[in-house]
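Welcome, and thank you for taking a look at this protein chain. Please have the sequence and the model open side by side as you read.

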Amino acid sequence: MDIEQKQEEIIDHFVKQASSLEGSALGSLVVEATSHPSLFAFSEILAVPNVLQLEGTETSVHLDVLRLFSQGTWSDYKSDASRLPQLVPDQVLKLKQLTVLTLAETNKVLPYDQLMQELDVINVRELEDFLINECMYAGIVRGKLDQLRKCFEVQFAAGRDPRPGQLGSMIHTLSNWLDTSNNLLITIQEKMKWADTMTELAKEHKKEVEDRVEEVKKSSSHKKFHTVSRPTLTSGGTRRFTPNLVE
């Protein structure tokens, strides 16, 4: 089962819980959701009316934390850490995993130096252990660790919640893909039509050749032959006529 399928039941569970809680009671739910090892998408939880009602209240910080995990990175947290609650270790791990997903959205080759800076990792060994044990084994990314070039080559990365303004870009990309696919389909159809035409021409040419061969055969079989007698002398001095077939 892939990461998207795993999340469906987990999201449904937290959405139902959030719908039955209010105010500060949602704080523990936010911590639980953002610490869950198999949950990497939070937009559905953010859309729950009870959660949205935290906006502008004394407990709005829980809404901010949920938004951070939905669209932010570890660097975003560090820049706003004084205002946000301190994260538990599982939340720190989750936010760093999400940071890798964000970086992989735009670049398929991630330099080790960039990753170490974004994740607050002090050496290559620690970084590679994190990518292998916490990212690839978790199923959120697949790729190759290139120790010679000191980079991580991304082959697959799970998607995060779309950010504001990102939807328009996604629609534009999909529209371009659709146009390209339609043009390709038209080209394929034209090639198939051309191939059909050439096949018909080949069949017609073959038939013409076969008909011509048949005509030649019939013409040969209807040619008439007649007999001509040529005289020859016998040993006794008399003439004998020998018939010869000529055309």
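The report below goes from the whole chain to its helices, its sheet and two loop residues.

## The chain as a whole

This is a predicted model. The secondary structure of the protein chain comes to ten helices and five strands. The chain has 247 residues, and 29% of them count as buried. If you take the contacts between residues at least 6 apart in sequence, 51% of them join residues at least 24 apart.

## Helix H5, under cover

A good place to begin is helix H5, residues 60–71. Its twelve residues should span 16 Å at 1.5 Å a residue, and its end C-alpha atoms are 17 Å apart, which agrees.

H5 is mostly covered, with nine of its twelve residues buried. Those buried are Ser60, His62, Leu63, Asp64, Val65, Leu66, Leu68, Phe69 and Ser70. What covers them? The cover includes helix H2 (25–35), helix H3 (43–46), helix H4 (49–52), helix H6 (74–79) and H7.

## Helix H7 and its contact with H9

Helix H7, one of the elements covering H5, takes in residues 89–106. For its 18 residues the expected span is 26 Å at 1.5 Å a residue; the end C-alpha atoms are 27 Å apart, in agreement with that. Buried in H7 are Gln91, Lys94, Leu95, Lys96, Gln97, Leu98, Thr99, Val100, Leu101, Thr102, Leu103 and Ala104.

H7 also packs with helix H9 (residues 124–136), at an angle of about 100° and with the axes 11 Å apart. The two helices are therefore roughly perpendicular. On the H7 side the contact is made by Leu93, Lys96, Gln97 and Val100, and on the H9 side by Phe130, Leu131, Glu134 and Cys135. These residues divide into five nonpolar, one polar and two charged.

## A three-stranded sheet

Now for the strands: three of them form an open, antiparallel sheet in the order S1-S3-S2. Its edges are strand S1 (109–111) and strand S2 (141–146), each of which pairs on one side only. From one strand to the next, the twist averages 25°.

Helix H8 (residues 112–119) packs on this sheet and touches S1, S2 and S3, its direction making about 70° with that of S1. H9 lies across S2 and S3 and runs at about 160° to S2.

How many bridges join the strands? S1 and strand S3 (residues 151–157) pair over three bridges, and S2 and S3 pair over six. Phe152 of S3 is a handy residue to find in the model: it is the bridge partner of Leu110, and Leu145 stands opposite Phe152 as well.

## Two residues with positive phi

Most residues other than glycine have a negative phi. Two residues are worth a look with that in mind. Asp120 is not a glycine, yet has a positive phi of about 60°. Asp120 sits in the loop between H8 and H9, and is partly exposed, with a relative accessible area of 38%.

Lys150, likewise not a glycine, has a positive phi of about 55°. Where is Lys150 placed? Lys150 lies in the loop between S2 and S3; these strands form a hairpin with four residues between them, and Lys150 is in the turn. Lys150 is partly exposed, with a relative accessible area of 49%.

Notes
Residues are numbered from 1 along each chain as its sequence is written. This is a predicted model: local features need pLDDT of at least 70, side-chain atom pairs count only at pLDDT 80 or more; totals for chains, interfaces and linings use all residues. Side-chain values use heavy atoms; hydrogens and water are left out. The expected span of a helix is 1.5 Å times one less than its number of residues. Buried means under 20% relative accessible area, exposed over 50%, partly exposed in between (1.4 Å probe, protein chains only). Axes are lines fitted to C-alpha atoms, for helices over the stretch in contact, and angles run from 0 to 180 degrees between N-to-C directions. Angles under 35 degrees count as roughly parallel, over 145 as roughly antiparallel, 65 to 115 as roughly perpendicular and the rest as oblique. Contact means heavy atoms within 4.5 Å. Ala, Val, Leu, Ile, Met, Phe, Trp, Tyr, Cys and Pro count as nonpolar, Asp, Glu, Lys and Arg as charged, and the others, Gly among them, as polar. Two strands pair if DSSP finds at least two bridges between them.
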